[in-house]
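Q: I have a protein model open in front of me and would like to learn how to read it. Could we go through it feature by feature?

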Amino acid sequence: MITCDVLVYKTLDFDGFKITFSGILFSFYFLISTIQTEVYGYRQGVKTVWIMVLCQSIFVMVIFAASHAQPENNEISMNFRSLFGEFWRVMVGTWISVPISYF
């Protein structure tokens with residue numbers, strides 16, 4: 001699911017219909033989590049969802065901190081900050097969308 005966070009800004013265009021690449025992957029991962037819940041039970045599925053949200057939150061916080069560490073150092077750092085500087089919005093979206101879509 002962390003790959004969904006990184007690919008949130010990559011869009012695909014199909015004859016004027018735009019979708020983020022993470023939207024495609026999220027659907028695939030949601031299917032996998034549904035199958036896992038059917039095989040191992042609801043309790044294990046719930047535990048997996050909360051672990052997933054925790055891991056994504058840690059990842060986003062690390063990326064956010066790294067993007068704000070010396071952004072004026074060089075052009076690459078400034079580009080990294082422009083791409084991932086507002087990445088905390090992805091974390092908020094994850095906190096809202098993953099539990100709602102799963103439960």
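Q: Leaving aside its neighbours within four places in sequence, which residues is L12 in contact with?

A: Good place to begin, and please keep in mind that this is a predicted model. To read contacts, we look for heavy atoms within 4.5 Å. L12 sits in strand 1, residues 11-14. Beyond its neighbours within four places, L12 is in contact with F17, K18, I19, F21 and I24. As for I24, it is 12 residues from L12 in sequence, and their C-alpha atoms are 9.9 Å apart in space.

Q: How many helices and strands does the protein chain have?

A: There are five helices and two strands. Followed along the sequence, they come in the pattern α-β-β-α-α-α-α. You can also picture the box that the C-alpha atoms fill: roughly 50 × 35 × 15 Å along the principal axes.

Q: What is special about phi of D15?

A: Here we look at a backbone angle and its sign. Phi of D15 is near 50°, which is a positive value in a residue other than glycine. D15 is found in the loop between strand 1 and strand 2.

Q: Is D15 buried or exposed?

A: To answer, compare the relative accessible area with the cut-offs: under 20% is buried, and over 50% is exposed. D15 is exposed, because its relative accessible area is 85%. For the whole protein chain, 26% of the 103 residues count as buried.

Q: Which residues make up the largest nonpolar core?

A: A core is read by finding buried nonpolar residues whose side chains join up. The largest one here has six residues: V60, I63, F84, F87, V90 and M91. Helix 3 (42-68) and helix 5 (88-102) are the elements that give two or more residues to this core. Take M91 as one member: leaving aside neighbours within four places in sequence, M91 is in contact with S57, V60 and M61.

Q: Why does S67 count as buried?

A: S67 has a relative accessible area of 1%, so it is buried. This serine is placed in helix 3. A polar atom of the S67 side chain lies 2.8 Å from the backbone oxygen of F64. Farther along the sequence, not counting neighbours within four places, S67 is in contact with F80, R81, F84 and G85.

Q: How far apart are T94 and Q56, in sequence and in space?

A: It helps to look at both distances side by side. T94 and Q56 are 38 residues apart in sequence, while their C-alpha atoms are 7.9 Å apart in space. T94 belongs to helix 5 and is buried, with a relative accessible area of 7%. Leaving out neighbours within four places, T94 is in contact with D5, Q56 and P99. Across the protein chain, among contacts with a separation of 6 or more, 58% are between residues 24 or more positions apart.

Q: Which side chain makes a polar contact with the side chain of Q36?

A: That partner is T48, at 3.0 Å. Q36 is in helix 2, and at 18% relative accessibility Q36 counts as buried. Beyond residues up to four places away in sequence, Q36 touches G41, Q44, G45 and T48.

Q: Which residues make the nonpolar surface patch?

A: For a patch, we turn from the inside to the surface. F28, L31, I32, I35, V39 and Y40 make a nonpolar patch of about 640 Å². One of them, F28, lies in helix 2, residues 21-40. F28 counts as partly exposed because its relative accessibility is 46%. The protein chain as a whole exposes about 7,100 Å², and carbon and sulfur atoms supply 69% of that area.

Q: Which residue forms a salt bridge with E86?

A: To find a salt bridge, look for a side-chain nitrogen of Lys or Arg within 4 Å of a carboxyl oxygen of Asp or Glu. The count by this rule comes to one salt bridge. E86 pairs with R89, and their closest N and O atoms are 3.5 Å apart. E86 is partly exposed at a relative accessible area of 39%, whereas R89 is exposed at 53%.

Methods: Residues numbered from 1 in each chain as written. Predicted model: local features only at pLDDT ≥ 70, side-chain atom pairs only at ≥ 80, totals over all residues. Heavy atoms only, no water. Core = buried A, V, L, I, M, F, W, Y, C linked by side-chain atoms within 4.5 Å. Buried < 20%, exposed > 50% of the residue type's maximum accessible area, 1.4 Å probe, protein only. Helix = DSSP H or I, 4+ residues; strand = E, 2+ residues; numbered from the N terminus. Polar contact = N/O pair within 3.5 Å; in protein donor to acceptor, adjacent residues only side chain to side chain. Patch = residues over 30% accessible without salt bridge, like charges linked within 9 Å, V, L, I, M, F, W, Y side chains within 5 Å. Areas by Shrake-Rupley, 256 points an atom, 1.4 Å probe, with all protein chains shown as cover.
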